[in-house]
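Subject: A structure for you to look at

Hi there,

Here is the structure I promised to pass on. Please open it and have a look around before you read my notes.

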Amino acid sequence: MKKLYSLALEQKEDAKHGDSFFPIQRYITTLNNNYPVITAHWHEEAELTMITTGSCKYQIDLVDYDVKEGDILFIPPLFLHSITDECNEKMVSDTYVFHLNFLGGNSTDICSTRYLTPMMNQEFSMPHLITPKHPAYASLKTIFTQINHLYDEAIPGYELAVKAMLLQVCFLLIQYSNRIETPDSGTPSDMLKKVLDYIELNYSEVITVSELADICNFSDYHFMRFFKKYMNMTCIEYINNMRLEKAVELFEKGNTSILDVSLSVGFHNLSYFHRAFRKKYHMTPLSFINEIKHQT
């Protein structure tokens, strides 16, 4: 049986999904009172998800979707998306993250040029939420179940079958998609991606509101309202959240100096780092380090 991964809060757009020969990874994601949010992120891969327990709110390309158990979601490449557990109850989802190149997106045949490449370039307006009322739901649910079985058992040739089924998913979704001849540029989603990219590259340094506002050609006041509207948190809260997630990554990699980790992720006040870490993870950095040691 293949190893499953948890799509935790610290996994961002730079996460590696599968490998170059089989660029697909399965994730089991759990949100609850302690971990109620997966912050906005994006990546080159597409996502196919089924909600297996509970309900939550997905935001895909800045549009909100209320989803519940049994619903299926498809997120094309490069779409900004986040997940929030607003009901404060356990939510579990089963997700496959896969690169369209695995399906032939980088080839020169008719399937690539007419369908896969336009999907990667956001030239299709595709359904993101597929509920049981959707005409394609029954077929997609059957395919999802089959992919789960193949992925778990990993029988000889299962990669061929998984590839064929993901192509079938694309085929079904394209039946309910519209072609966009001239995709918009300079949208709020595009501006947010630039801002989040900048934060990702510079989180360890001092980042001012003015720097981020300049990226969007906004005033500081307009930018702060813009960011809060679409991200449901202030830019300072987002930056601190990313720094804490990066700190967790360093602790998990074996770094045990709390001071060094705090400084390397951009917290220059150790007491503030302790307070922020405890508020987010409900334990001190030292307790977190000790938990990791006990798990190894």
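Below are my notes on the sheet, two loops and a surface patch.

This is a predicted model, in which local features need pLDDT of at least 70, side-chain atom pairs count only at pLDDT 80 or more, and totals for chains, interfaces and linings use all residues. Residues are numbered from 1 along each chain as its sequence is written, and side-chain values use heavy atoms, leaving out hydrogens and water.

Let's start with the sheet. Five strands (DSSP E runs of at least two residues; helices are H or I runs of at least four, and both are numbered from the N terminus) make an open antiparallel sheet, ordered S1-S8-S3-S6-S10. Strands count as paired if DSSP finds at least two bridges between them. At the edges lie S1 (24-31) and S10 (129-130), each pairing on one side only. Eight antiparallel bridges join S1 to S8 (residues 91-98), and Thr30 has Val92 in S8 as its bridge partner.

Now the loops. Most residues other than glycine have a negative phi. Leu78, in the loop between S6 and S7 (81-84), has a positive phi near 70 degrees. His282 also has a positive phi, about 60 degrees, and belongs to the loop between H9 (270-281) and H10 (285-295). Leu78 is partly exposed at 29% relative accessible area, and His282 is partly exposed at 48%; that term covers values between buried (under 20%) and exposed (over 50%), with a 1.4 Å probe and protein chains only.

Finally, Leu263 sits in helix H8 (residues 258-264) and is partly exposed at 37%.

Enjoy exploring!
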